[in-house]
Number of protein chains: 2
Amino acid sequence: MTGRTARTQVEKSAETRRRIMEATVRLLQWQGYSRLTTPAIAKEADVSRGALTHHYATKEDVVVAAVEYQLKEAIETTRRYVEQNADKDISVDEIIDYLWRLMADGLFYVTLEWLPEMRHNALFKTRLIPVVQGFHSSLNEIWAIISRRYHADPRQAEVVLNATMCLFRGMVAQTIVRKDTEYFDELLSFWRQLLRQMFANGLGIDISACSTREERS
Amino acid sequence: MTGRTARTQVEKSAETRRRIMEATVRLLQWQGYSRLTTPAIAKEADVSRGALTHHYATKEDVVVAAVEYQLKEAIETTRRYVEQNADKDISVDEIIDYLWRLMADGLFYVTLEWLPEMRHNALFKTRLIPVVQGFHSSLNEIWAIISRRYHADPRQAEVVLNATMCLFRGMVAQTIVRKDTEYFDELLSFWRQLLRQMFANGLGIDISACSTREERS
DNA sequence: TAAAACAAACAGTCTATACTGTTTTTATAT
DNA sequence: ATATAAAAACAGTATAGACTGTTTGTTTTA
(Lines give C-alpha, C1' and ligand atoms only; values in the text may rest on other atoms or scores of the structure.)
Protein backbone atom coordinates (compact mmCIF):
# COMPACT_ATOMS: atom_id res chain seq x y z
CA MET A 1 0.00 0.00 0.00
CA THR A 2 2.90 2.33 0.47
CA GLY A 3 4.72 1.66 -2.77
CA ARG A 4 2.57 2.84 -5.61
CA THR A 5 1.00 6.19 -5.07
CA ALA A 6 1.76 6.78 -1.44
CA ARG A 7 3.39 10.14 -1.25
CA THR A 8 4.21 12.19 1.73
CA GLN A 9 2.22 15.31 2.44
CA VAL A 10 5.08 17.59 1.62
CA GLU A 11 5.41 15.92 -1.74
CA LYS A 12 1.72 16.29 -2.44
CA SER A 13 1.54 19.90 -1.42
CA ALA A 14 4.68 20.69 -3.39
CA GLU A 15 3.09 19.08 -6.42
CA THR A 16 -0.10 21.05 -5.95
CA ARG A 17 1.81 24.27 -5.54
CA ARG A 18 3.81 23.60 -8.66
CA ARG A 19 0.66 22.92 -10.61
CA ILE A 20 -0.79 26.19 -9.41
CA MET A 21 2.33 28.15 -10.30
CA GLU A 22 2.64 26.67 -13.75
CA ALA A 23 -1.03 27.29 -14.39
CA THR A 24 -0.64 30.88 -13.26
CA VAL A 25 2.34 31.48 -15.51
CA ARG A 26 0.45 29.93 -18.40
CA LEU A 27 -2.57 32.12 -17.80
CA LEU A 28 -0.39 35.21 -17.47
CA GLN A 29 1.11 34.43 -20.84
CA TRP A 30 -2.15 33.53 -22.58
CA GLN A 31 -4.67 35.83 -21.00
CA GLY A 32 -2.73 38.48 -19.13
CA TYR A 33 -2.76 39.92 -15.66
CA SER A 34 -5.98 41.89 -15.96
CA ARG A 35 -7.89 38.72 -16.88
CA LEU A 36 -6.27 36.57 -14.24
CA THR A 37 -8.82 35.26 -11.72
CA THR A 38 -8.48 32.76 -8.93
CA PRO A 39 -11.22 30.47 -10.30
CA ALA A 40 -9.44 30.41 -13.64
CA ILE A 41 -6.17 29.51 -11.96
CA ALA A 42 -7.79 26.71 -9.99
CA LYS A 43 -9.42 25.33 -13.11
CA GLU A 44 -6.24 25.59 -15.20
CA ALA A 45 -4.28 23.85 -12.44
CA ASP A 46 -7.03 21.22 -12.06
CA VAL A 47 -7.27 22.03 -8.38
CA SER A 48 -10.19 23.10 -6.25
CA ARG A 49 -10.56 26.68 -5.15
CA GLY A 50 -10.24 25.50 -1.59
CA ALA A 51 -6.86 23.98 -2.34
CA LEU A 52 -5.77 27.21 -3.94
CA THR A 53 -6.76 29.33 -0.95
CA HIS A 54 -5.26 26.76 1.37
CA HIS A 55 -1.83 27.14 -0.14
CA TYR A 56 -2.00 30.84 -0.97
CA ALA A 57 -3.91 33.26 1.20
CA THR A 58 -4.45 35.92 -1.45
CA LYS A 59 -4.35 36.24 -5.18
CA GLU A 60 -1.27 38.40 -4.88
CA ASP A 61 0.51 35.58 -3.08
CA VAL A 62 -0.20 33.30 -6.00
CA VAL A 63 1.15 35.74 -8.56
CA VAL A 64 4.27 36.52 -6.56
CA ALA A 65 4.97 32.82 -6.10
CA ALA A 66 4.34 32.13 -9.78
CA VAL A 67 6.66 34.88 -10.98
CA GLU A 68 9.29 33.75 -8.51
CA TYR A 69 8.86 30.24 -9.84
CA GLN A 70 9.31 31.27 -13.45
CA LEU A 71 12.29 33.51 -12.80
CA LYS A 72 14.06 30.94 -10.66
CA GLU A 73 13.47 28.36 -13.34
CA ALA A 74 15.00 30.75 -15.89
CA ILE A 75 17.93 31.29 -13.54
CA GLU A 76 18.46 27.54 -13.25
CA THR A 77 18.27 27.07 -17.00
CA THR A 78 20.80 29.81 -17.47
CA ARG A 79 23.14 28.37 -14.85
CA ARG A 80 23.05 25.01 -16.58
CA TYR A 81 23.84 26.73 -19.86
CA VAL A 82 26.74 28.47 -18.18
CA GLU A 83 28.10 25.22 -16.75
CA GLN A 84 27.86 23.43 -20.07
CA ASN A 85 29.69 26.19 -21.86
CA ALA A 86 32.14 27.45 -19.27
CA ASP A 87 35.02 25.59 -20.90
CA LYS A 88 33.62 25.24 -24.40
CA ASP A 89 34.48 27.66 -27.11
CA ILE A 90 31.30 29.69 -27.20
CA SER A 91 30.88 32.66 -29.50
CA VAL A 92 29.29 36.03 -28.93
CA ASP A 93 26.63 35.11 -31.46
CA GLU A 94 25.67 32.01 -29.53
CA ILE A 95 25.22 33.87 -26.27
CA ILE A 96 23.27 36.63 -27.97
CA ASP A 97 20.98 34.05 -29.50
CA TYR A 98 20.58 32.31 -26.16
CA LEU A 99 19.60 35.56 -24.46
CA TRP A 100 17.23 36.52 -27.25
CA ARG A 101 15.50 33.16 -27.17
CA LEU A 102 15.29 33.29 -23.39
CA MET A 103 13.48 36.62 -23.55
CA ALA A 104 11.44 36.16 -26.72
CA ASP A 105 10.13 32.68 -25.85
CA GLY A 106 7.54 33.99 -23.46
CA LEU A 107 9.60 35.06 -20.48
CA PHE A 108 9.41 38.75 -21.22
CA TYR A 109 5.79 38.60 -22.31
CA VAL A 110 4.97 37.35 -18.84
CA THR A 111 7.25 40.01 -17.39
CA LEU A 112 5.30 42.67 -19.26
CA GLU A 113 2.22 41.43 -17.44
CA TRP A 114 3.49 41.93 -13.91
CA LEU A 115 5.91 44.80 -14.50
CA PRO A 116 3.13 47.43 -14.47
CA GLU A 117 1.76 45.92 -11.27
CA MET A 118 5.15 46.53 -9.72
CA ARG A 119 4.80 50.24 -10.35
CA HIS A 120 1.60 50.41 -8.35
CA ASN A 121 2.00 47.80 -5.65
CA ALA A 122 4.83 48.43 -3.22
CA LEU A 123 4.54 45.10 -1.41
CA PHE A 124 4.49 43.22 -4.68
CA LYS A 125 7.61 45.09 -5.70
CA THR A 126 9.42 44.46 -2.42
CA ARG A 127 8.80 40.75 -2.67
CA LEU A 128 9.89 40.41 -6.27
CA ILE A 129 12.91 42.68 -6.44
CA PRO A 130 15.30 40.10 -4.89
CA VAL A 131 14.24 37.49 -7.43
CA VAL A 132 14.74 39.91 -10.28
CA GLN A 133 18.20 40.73 -8.97
CA GLY A 134 19.02 37.03 -8.77
CA PHE A 135 18.00 36.71 -12.39
CA HIS A 136 20.32 39.50 -13.41
CA SER A 137 23.14 37.93 -11.45
CA SER A 138 22.77 34.75 -13.43
CA LEU A 139 22.94 36.79 -16.61
CA ASN A 140 26.16 38.36 -15.44
CA GLU A 141 27.62 34.90 -14.99
CA ILE A 142 26.88 33.85 -18.51
CA TRP A 143 28.28 37.11 -19.78
CA ALA A 144 31.47 36.68 -17.77
CA ILE A 145 32.35 33.75 -20.01
CA ILE A 146 32.50 35.89 -23.07
CA SER A 147 34.09 38.70 -21.14
CA ARG A 148 37.02 36.49 -20.08
CA ARG A 149 37.43 34.88 -23.47
CA TYR A 150 37.96 38.22 -25.13
CA HIS A 151 39.99 39.65 -22.29
CA ALA A 152 37.53 42.49 -22.06
CA ASP A 153 37.23 44.88 -19.18
CA PRO A 154 34.49 43.33 -17.00
CA ARG A 155 33.19 46.79 -16.20
CA GLN A 156 32.70 47.64 -19.84
CA ALA A 157 31.40 44.18 -20.63
CA GLU A 158 28.67 44.67 -18.07
CA VAL A 159 27.56 47.88 -19.74
CA VAL A 160 27.36 46.05 -23.04
CA LEU A 161 25.33 43.24 -21.45
CA ASN A 162 22.93 45.72 -19.92
CA ALA A 163 22.50 47.47 -23.24
CA THR A 164 21.86 44.11 -24.87
CA MET A 165 19.21 43.15 -22.37
CA CYS A 166 17.50 46.53 -22.63
CA LEU A 167 17.54 46.28 -26.40
CA PHE A 168 15.98 42.82 -26.26
CA ARG A 169 13.33 43.95 -23.79
CA GLY A 170 12.34 46.76 -26.10
CA MET A 171 12.34 44.47 -29.09
CA VAL A 172 10.10 41.89 -27.44
CA ALA A 173 7.75 44.68 -26.40
CA GLN A 174 7.61 45.84 -30.01
CA THR A 175 6.79 42.36 -31.28
CA ILE A 176 3.34 42.94 -29.80
CA VAL A 177 2.59 45.81 -32.16
CA ARG A 178 4.73 44.71 -35.08
CA LYS A 179 4.53 41.19 -36.46
CA ASP A 180 7.57 41.31 -38.71
CA THR A 181 10.25 38.66 -38.35
CA GLU A 182 12.54 40.26 -40.91
CA TYR A 183 12.51 43.51 -39.00
CA PHE A 184 13.66 41.87 -35.78
CA ASP A 185 16.14 39.63 -37.55
CA GLU A 186 17.71 42.73 -39.02
CA LEU A 187 18.00 44.33 -35.61
CA LEU A 188 19.53 41.16 -34.19
CA SER A 189 22.03 40.99 -37.04
CA PHE A 190 22.95 44.59 -36.50
CA TRP A 191 23.52 44.00 -32.82
CA ARG A 192 25.44 40.75 -33.28
CA GLN A 193 27.83 42.39 -35.67
CA LEU A 194 28.29 45.38 -33.41
CA LEU A 195 29.10 43.20 -30.41
CA ARG A 196 31.28 40.84 -32.38
CA GLN A 197 33.43 43.72 -33.49
CA MET A 198 33.48 45.40 -30.13
CA PHE A 199 34.64 42.22 -28.45
CA ALA A 200 37.10 41.50 -31.21
CA ASN A 201 38.77 44.72 -30.18
CA GLY A 202 38.67 43.90 -26.50
CA LEU A 203 35.66 46.13 -26.07
CA GLY A 204 35.77 49.66 -27.01
CA ILE A 205 38.47 50.36 -29.51
CA ASP A 206 38.33 50.55 -33.24
CA ILE A 207 35.18 48.92 -34.43
CA SER A 208 35.41 48.70 -38.15
CA ALA A 209 33.11 47.78 -40.98
CA CYS A 210 30.07 48.24 -38.86
CA SER A 211 27.34 47.77 -41.40
CA THR A 212 23.73 47.24 -40.52
CA ARG A 213 23.53 44.68 -43.29
CA GLU A 214 24.84 41.28 -42.44
CA GLU A 215 24.11 37.64 -43.06
CA ARG A 216 24.85 35.02 -40.47
CA SER A 217 27.50 32.46 -41.26
CA MET B 1 -26.19 85.76 -21.83
CA THR B 2 -24.14 84.39 -24.68
CA GLY B 3 -20.88 86.16 -24.01
CA ARG B 4 -19.42 84.79 -20.78
CA THR B 5 -19.64 81.08 -20.51
CA ALA B 6 -21.89 80.35 -23.39
CA ARG B 7 -20.14 77.79 -25.47
CA THR B 8 -21.46 75.82 -28.30
CA GLN B 9 -22.33 72.22 -27.68
CA VAL B 10 -19.51 70.91 -29.77
CA GLU B 11 -17.08 72.98 -27.72
CA LYS B 12 -18.52 71.68 -24.50
CA SER B 13 -18.47 68.08 -25.53
CA ALA B 14 -14.97 68.44 -26.94
CA GLU B 15 -13.89 69.91 -23.63
CA THR B 16 -15.54 67.10 -21.70
CA ARG B 17 -13.95 64.49 -23.92
CA ARG B 18 -10.54 66.05 -23.49
CA ARG B 19 -10.97 66.09 -19.73
CA ILE B 20 -11.90 62.42 -19.81
CA MET B 21 -8.93 61.50 -21.97
CA GLU B 22 -6.45 63.42 -19.89
CA ALA B 23 -7.89 61.91 -16.74
CA THR B 24 -7.63 58.44 -18.25
CA VAL B 25 -4.00 58.94 -19.25
CA ARG B 26 -3.24 60.27 -15.77
CA LEU B 27 -4.88 57.29 -14.11
CA LEU B 28 -3.10 54.88 -16.44
CA GLN B 29 0.18 56.43 -15.40
CA TRP B 30 -0.57 56.64 -11.68
CA GLN B 31 -2.66 53.57 -11.02
CA GLY B 32 -2.32 51.34 -14.03
CA TYR B 33 -4.65 49.52 -16.35
CA SER B 34 -5.74 46.82 -13.92
CA ARG B 35 -6.97 49.45 -11.46
CA LEU B 36 -8.64 51.61 -14.08
CA THR B 37 -12.40 51.88 -13.49
CA THR B 38 -15.01 54.05 -15.11
CA PRO B 39 -16.10 55.64 -11.80
CA ALA B 40 -12.49 56.57 -11.10
CA ILE B 41 -12.12 58.12 -14.54
CA ALA B 42 -15.30 60.15 -14.10
CA LYS B 43 -14.16 61.38 -10.71
CA GLU B 44 -10.64 62.23 -11.93
CA ALA B 45 -12.11 64.12 -14.89
CA ASP B 46 -14.63 65.84 -12.61
CA VAL B 47 -17.44 64.59 -14.76
CA SER B 48 -20.43 62.47 -13.93
CA ARG B 49 -20.44 58.86 -14.84
CA GLY B 50 -23.43 59.55 -17.01
CA ALA B 51 -21.44 62.05 -19.02
CA LEU B 52 -18.70 59.49 -19.42
CA THR B 53 -21.03 56.82 -20.75
CA HIS B 54 -22.70 59.40 -22.94
CA HIS B 55 -19.48 60.14 -24.77
CA TYR B 56 -17.99 56.66 -24.70
CA ALA B 57 -20.14 53.58 -24.89
CA THR B 58 -17.70 51.19 -23.28
CA LYS B 59 -14.66 51.35 -21.09
CA GLU B 60 -12.57 50.06 -23.95
CA ASP B 61 -13.68 53.01 -26.06
CA VAL B 62 -12.40 55.36 -23.38
CA VAL B 63 -9.03 53.69 -23.19
CA VAL B 64 -8.58 53.53 -26.96
CA ALA B 65 -9.49 57.20 -27.27
CA ALA B 66 -7.16 58.15 -24.42
CA VAL B 67 -4.20 56.27 -25.84
CA GLU B 68 -4.90 57.75 -29.26
CA TYR B 69 -5.01 61.16 -27.64
CA GLN B 70 -1.69 60.74 -25.89
CA LEU B 71 0.10 59.29 -28.90
CA LYS B 72 -1.22 61.95 -31.27
CA GLU B 73 -0.13 64.60 -28.82
CA ALA B 74 3.33 63.05 -28.74
CA ILE B 75 3.34 63.01 -32.53
CA GLU B 76 2.45 66.70 -32.63
CA THR B 77 5.13 67.57 -30.10
CA THR B 78 7.64 65.67 -32.14
CA ARG B 79 6.60 67.34 -35.37
CA ARG B 80 7.02 70.75 -33.76
CA TYR B 81 10.45 69.70 -32.58
CA VAL B 82 11.26 68.61 -36.10
CA GLU B 83 10.10 71.90 -37.61
CA GLN B 84 12.06 73.96 -35.12
CA ASN B 85 15.21 72.03 -35.81
CA ALA B 86 14.94 71.18 -39.48
CA ASP B 87 17.34 73.93 -40.43
CA LYS B 88 19.21 74.28 -37.15
CA ASP B 89 22.44 72.47 -36.51
CA ILE B 90 21.18 69.71 -34.28
CA SER B 91 23.50 67.07 -32.92
CA VAL B 92 23.03 63.35 -32.48
CA ASP B 93 23.22 63.86 -28.74
CA GLU B 94 20.36 66.31 -28.79
CA ILE B 95 18.05 64.00 -30.70
CA ILE B 96 18.98 61.08 -28.50
CA ASP B 97 18.19 63.15 -25.43
CA TYR B 98 14.92 64.28 -26.95
CA LEU B 99 13.86 60.71 -27.66
CA TRP B 100 14.91 59.52 -24.22
CA ARG B 101 12.98 62.28 -22.48
CA LEU B 102 9.97 61.62 -24.69
CA MET B 103 9.92 57.99 -23.60
CA ALA B 104 11.08 58.29 -20.02
CA ASP B 105 8.75 61.15 -19.09
CA GLY B 106 5.75 58.91 -18.71
CA LEU B 107 4.89 58.05 -22.30
CA PHE B 108 6.33 54.58 -22.19
CA TYR B 109 5.05 53.89 -18.68
CA VAL B 110 1.56 54.43 -20.03
CA THR B 111 2.43 52.31 -23.04
CA LEU B 112 3.46 49.49 -20.73
CA GLU B 113 -0.03 49.61 -19.29
CA TRP B 114 -1.93 49.04 -22.53
CA LEU B 115 0.66 47.00 -24.40
CA PRO B 116 -0.27 43.76 -22.60
CA GLU B 117 -3.94 44.41 -23.32
CA MET B 118 -3.03 44.52 -26.98
CA ARG B 119 -1.77 40.95 -26.79
CA HIS B 120 -5.11 39.70 -25.56
CA ASN B 121 -7.67 41.96 -27.21
CA ALA B 122 -7.76 41.78 -30.98
CA LEU B 123 -10.19 44.67 -31.44
CA PHE B 124 -8.20 46.88 -29.14
CA LYS B 125 -5.11 46.05 -31.18
CA THR B 126 -6.79 46.71 -34.51
CA ARG B 127 -7.91 50.12 -33.39
CA LEU B 128 -4.60 51.21 -31.97
CA ILE B 129 -2.14 49.85 -34.52
CA PRO B 130 -2.64 52.75 -36.97
CA VAL B 131 -1.94 55.29 -34.25
CA VAL B 132 1.19 53.48 -33.20
CA GLN B 133 2.37 53.43 -36.80
CA GLY B 134 1.72 57.15 -37.09
CA PHE B 135 3.86 57.65 -34.03
CA HIS B 136 6.72 55.72 -35.56
CA SER B 137 6.40 57.71 -38.76
CA SER B 138 6.90 60.93 -36.85
CA LEU B 139 9.99 59.42 -35.26
CA ASN B 140 11.34 58.60 -38.68
CA GLU B 141 10.93 62.22 -39.66
CA ILE B 142 12.99 63.51 -36.79
CA TRP B 143 15.60 60.91 -37.50
CA ALA B 144 15.76 61.87 -41.15
CA ILE B 145 17.24 65.20 -40.08
CA ILE B 146 20.27 63.60 -38.59
CA SER B 147 20.41 61.07 -41.36
CA ARG B 148 20.69 63.80 -43.99
CA ARG B 149 23.15 65.87 -42.03
CA TYR B 150 25.61 63.02 -41.84
CA HIS B 151 24.95 61.82 -45.38
CA ALA B 152 24.11 58.45 -43.96
CA ASP B 153 22.30 55.73 -45.82
CA PRO B 154 18.63 56.20 -44.83
CA ARG B 155 18.17 52.45 -44.76
CA GLN B 156 20.93 51.97 -42.24
CA ALA B 157 19.90 55.05 -40.31
CA GLU B 158 16.47 53.54 -39.83
CA VAL B 159 17.96 50.40 -38.35
CA VAL B 160 19.93 52.53 -35.91
CA LEU B 161 16.80 54.48 -34.97
CA ASN B 162 14.87 51.28 -34.36
CA ALA B 163 17.66 49.92 -32.22
CA THR B 164 17.70 53.17 -30.28
CA MET B 165 13.98 53.08 -29.62
CA CYS B 166 14.09 49.44 -28.59
CA LEU B 167 16.96 50.17 -26.26
CA PHE B 168 15.06 53.04 -24.68
CA ARG B 169 11.92 50.96 -24.30
CA GLY B 170 13.88 48.30 -22.47
CA MET B 171 15.60 50.89 -20.32
CA VAL B 172 12.35 52.55 -19.29
CA ALA B 173 10.94 49.13 -18.46
CA GLN B 174 13.96 48.46 -16.28
CA THR B 175 13.57 51.74 -14.39
CA ILE B 176 10.59 50.09 -12.72
CA VAL B 177 12.73 47.46 -11.05
CA ARG B 178 15.94 49.44 -10.76
CA LYS B 179 15.99 52.94 -9.30
CA ASP B 180 19.51 53.91 -10.27
CA THR B 181 20.07 57.10 -12.24
CA GLU B 182 23.79 56.49 -12.65
CA TYR B 183 23.14 53.13 -14.22
CA PHE B 184 20.87 54.57 -16.88
CA ASP B 185 23.09 57.60 -17.43
CA GLU B 186 25.93 55.24 -18.13
CA LEU B 187 23.87 53.33 -20.67
CA LEU B 188 22.84 56.58 -22.31
CA SER B 189 26.43 57.76 -22.49
CA PHE B 190 27.48 54.48 -24.00
CA TRP B 191 24.79 54.73 -26.64
CA ARG B 192 25.41 58.39 -27.42
CA GLN B 193 29.05 57.74 -27.99
CA LEU B 194 28.34 54.71 -30.13
CA LEU B 195 25.92 56.62 -32.33
CA ARG B 196 28.08 59.70 -32.51
CA GLN B 197 30.93 57.66 -33.86
CA MET B 198 28.80 55.62 -36.19
CA PHE B 199 27.33 58.77 -37.71
CA ALA B 200 30.70 60.45 -37.82
CA ASN B 201 31.69 57.67 -40.19
CA GLY B 202 28.58 57.97 -42.29
CA LEU B 203 27.07 55.01 -40.50
CA GLY B 204 28.78 51.77 -40.44
CA ILE B 205 32.45 52.12 -41.06
CA ASP B 206 35.31 52.34 -38.66
CA ILE B 207 34.02 53.28 -35.28
CA SER B 208 37.00 53.99 -33.14
CA ALA B 209 37.64 54.62 -29.47
CA CYS B 210 34.34 53.16 -28.49
CA SER B 211 34.62 53.24 -24.74
CA THR B 212 31.72 52.70 -22.41
CA ARG B 213 33.10 55.47 -20.26
CA GLU B 214 32.31 58.94 -21.36
CA GLU B 215 31.44 62.31 -19.95
CA ARG B 216 29.13 64.65 -21.76
CA SER B 217 30.55 67.87 -23.06
C1' DT C 1 -39.48 72.38 -29.60
C1' DA C 2 -36.24 68.89 -30.65
C1' DA C 3 -31.87 67.21 -29.81
C1' DA C 4 -27.85 66.94 -27.42
C1' DA C 5 -25.50 66.91 -22.96
C1' DC C 6 -25.57 65.48 -18.60
C1' DA C 7 -27.06 63.17 -14.10
C1' DA C 8 -28.42 59.48 -11.34
C1' DA C 9 -30.26 55.25 -10.24
C1' DC C 10 -30.43 50.29 -11.36
C1' DA C 11 -29.68 45.47 -12.65
C1' DG C 12 -26.76 41.81 -13.51
C1' DT C 13 -22.33 39.79 -13.24
C1' DC C 14 -18.07 38.77 -11.38
C1' DT C 15 -14.53 38.22 -8.03
C1' DA C 16 -11.91 37.79 -3.77
C1' DT C 17 -12.03 36.05 0.53
C1' DA C 18 -13.90 33.84 4.56
C1' DC C 19 -15.90 29.98 6.42
C1' DT C 20 -17.41 25.18 7.23
C1' DG C 21 -16.97 20.42 6.53
C1' DT C 22 -14.33 16.18 4.84
C1' DT C 23 -10.50 13.34 3.79
C1' DT C 24 -5.78 12.08 4.10
C1' DT C 25 -1.42 11.92 6.29
C1' DT C 26 1.75 11.85 10.21
C1' DA C 27 3.28 11.25 14.86
C1' DT C 28 2.87 8.72 18.96
C1' DA C 29 1.85 5.38 22.23
C1' DT C 30 1.11 0.75 22.93
C1' DA D 1 2.76 -3.70 13.83
C1' DT D 2 -1.44 -1.11 15.07
C1' DA D 3 -4.63 2.03 17.01
C1' DT D 4 -5.37 6.76 17.79
C1' DA D 5 -5.03 11.69 18.06
C1' DA D 6 -3.54 15.76 15.77
C1' DA D 7 -2.55 18.32 11.85
C1' DA D 8 -2.45 19.30 7.27
C1' DA D 9 -4.60 19.13 2.68
C1' DC D 10 -8.45 19.65 0.23
C1' DA D 11 -13.43 20.62 -1.30
C1' DG D 12 -17.32 23.38 -1.59
C1' DT D 13 -20.24 27.21 -0.43
C1' DA D 14 -21.56 31.79 1.16
C1' DT D 15 -21.06 36.60 1.19
C1' DA D 16 -19.87 41.21 0.58
C1' DG D 17 -18.23 44.46 -2.51
C1' DA D 18 -17.34 46.42 -6.90
C1' DC D 19 -17.72 47.29 -11.67
C1' DT D 20 -19.87 47.59 -16.21
C1' DG D 21 -23.45 48.64 -19.18
C1' DT D 22 -28.21 50.32 -19.37
C1' DT D 23 -32.06 53.00 -18.67
C1' DT D 24 -34.65 56.68 -17.18
C1' DG D 25 -34.98 61.43 -15.98
C1' DT D 26 -33.36 66.43 -16.18
C1' DT D 27 -31.13 70.44 -17.97
C1' DT D 28 -29.18 73.11 -21.57
C1' DT D 29 -28.48 74.49 -26.26
C1' DA D 30 -29.71 75.16 -31.26
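A residue counts as exposed when its relative accessible area is over 50%. In this predicted model, A:His151 reaches 72% relative accessibility and is therefore exposed. A:His151 sits in the loop between helix 6 (122-149) and helix 7 (154-175) of chain A. Most residues other than glycine have a negative phi. The phi of A:His151, by contrast, is positive, near 55°.

Chain B carries a counterpart. B:His151 lies in the loop between helix 6 (122-149) and helix 7 (154-177) of chain B. B:His151 has a positive phi of about 50° and is not a glycine. With 72% relative accessibility, B:His151 also counts as exposed.

The two chains superpose. A turn of 180° and a shift of 0.0 Å along the axis lay chain B on chain A with an RMSD of 0.1 Å. The copies are thus related as by a two-fold rotation axis. Both use the same surface, and 100% of the contact residues of chain B recur in chain A.

DNA strand D is surrounded by 20 residues. The closest are A:Thr16, A:His55, B:Thr8, B:Thr38 and B:Arg49. Helix 1 (9-30) and helix 3 (49-55) of chain A each supply at least two residues of this surface, as do helix 2 (38-45) and helix 3 (49-55) of chain B. Three of the surface residues are nonpolar, 13 polar and four charged.

Sugar or phosphate accounts for 60% of the strand D atoms within 4 Å of the protein, and bases for the rest. Side-chain N or O atoms approach both parts of the strand. A phosphate oxygen lies 2.8 Å from such an atom of A:Thr16, and a phosphate oxygen lies 2.9 Å from one of A:Ser48. For B:Arg49, the partner is a base oxygen at 2.5 Å.

Technical notes:
Residues are numbered from 1 along each chain as its sequence is written. Chains are lettered from A and ligands numbered from 1 in the order in which they are written. This is a predicted model: local features need pLDDT of at least 70, side-chain atom pairs count only at pLDDT 80 or more; totals for chains, interfaces and linings use all residues. Side-chain values use heavy atoms; hydrogens and water are left out. Helices (H or I, at least four residues) and strands (E, at least two) are DSSP runs, numbered from the N terminus. Buried means under 20% relative accessible area, exposed over 50%, partly exposed in between (1.4 Å probe, protein chains only). Copies are superposed by least squares on the C-alpha atoms of residues with pLDDT of at least 70 in both. Contact means heavy atoms within 4.5 Å. A residue is near a molecule or strand if one of its heavy atoms lies within 4 Å of it. A polar contact is a pair of N or O atoms within 3.5 Å; within protein, one must be able to donate a hydrogen and the other to accept it, and residues adjacent in sequence count only if both atoms are side-chain atoms. Ala, Val, Leu, Ile, Met, Phe, Trp, Tyr, Cys and Pro count as nonpolar, Asp, Glu, Lys and Arg as charged, and the others, Gly among them, as polar.
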